[in-house]
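Biologist: Could you walk me through this model before I head back to the bench? I would like to start with contacts and then go on to the sheet.

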Amino acid sequence: MASDFVAARLNMVESQVRTNDVTDVRLHDAMRAIPRESLVPADRAFQAYADTAVEYAPGRYLLRPREVSKLLQALKPMAGERALAIAAPYAAAVLEAVGLSVERFDADDLSLVPGANYDLIIVEGAVTRAPDSWLAALALGGRLGVIEREGPTGKAALYTRAEDGIGRRTLFDAMAPVLKGFEPVAGFAF
């Protein structure tokens, strides 16, 4: 069965990552080596390389390979940088493999970020809008990659801290389950 996972990892990179304009060879190499199946419960290991979000804990999911690889590439990780992985065990493993120092954060309340001055923050789950606490934790030049979602589909967003404030850029359409506590608030608008 282990060899089946090795083949599945290779197929994931070739058919879900490279075909979606992810050209960073360091990410390819890391994703070919990291066993996604070890990050999910054994009864879900067969889903680890499928084109779907896989639940690894109640209400927490590994992003689809396409989404996580595109988000990681947009963040432009550089060896030696300090990263925070919010509910993002797979992204954390990939970042560590490319040489970043990664702090993993998977608490009940994900809005209370531990520490500050992160060069890079990544989230494997959707939120309505990135909370101010995440943006405040970025160092100058720091980047936050997150999927923002209010309806059935979402948009991957890249936030960057500069001397004059925080900039935001929409990257691509993305599907991800919404993290608990970050659901859209129902309301009425004309």
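Modeller: Contact here means that heavy atoms lie within 4.5 Å, and please keep in mind that this is a predicted model.

Biologist: Fine, so which residues is Val54 in contact with, leaving aside its neighbours within four places in sequence?

Modeller: With those neighbours left aside, Val54 touches Val40, Arg44, Gln47 and Ala48, and also Arg60, Tyr61 and Leu62. Val54 itself belongs to strand β1, which covers residues 54-57.

Biologist: And is Val54 buried or exposed?

Modeller: Val54 has a relative accessible area of 0%, and because buried means under 20%, Val54 counts as buried.

Biologist: Changing topic, what is the order of the strands in the sheet?

Modeller: The sheet is open and has 6 strands, which follow the order β4-β3-β5-β6-β7-β8 with mixed pairing. Its edge strands, β4 (101-105) and β8 (165-174), each pair on one side only, and from one strand to the next the twist averages 15 degrees.

Biologist: How many bridges join β5 to β6?

Modeller: There are 6 bridges between β5 (residues 118-127) and β6 (residues 138-149), and these two strands run parallel; in one of the pairings, Tyr118 has Leu138 in β6 as its bridge partner.

Biologist: Which strands does helix α3 touch?

Modeller: Helix α3 (residues 65-75) packs on the sheet against β5, β6, β7 (154-162) and β8, and its direction makes about 150 degrees with that of β8. Helix α4 (residues 89-97) also packs on the sheet, where it touches β3 (82-86), β4 and β5, with its direction at about 170 degrees to that of β4.

Key:
Residues numbered from 1 in each chain as written. Predicted model: local features only at pLDDT ≥ 70, side-chain atom pairs only at ≥ 80, totals over all residues. Heavy atoms only, no water. Pairing = 2+ DSSP bridges. Helix = DSSP H or I, 4+ residues; strand = E, 2+ residues; numbered from the N terminus. Axes fitted to C-alpha atoms, helices over the stretch in contact; angles between N-to-C directions. Buried < 20%, exposed > 50% of the residue type's maximum accessible area, 1.4 Å probe, protein only.
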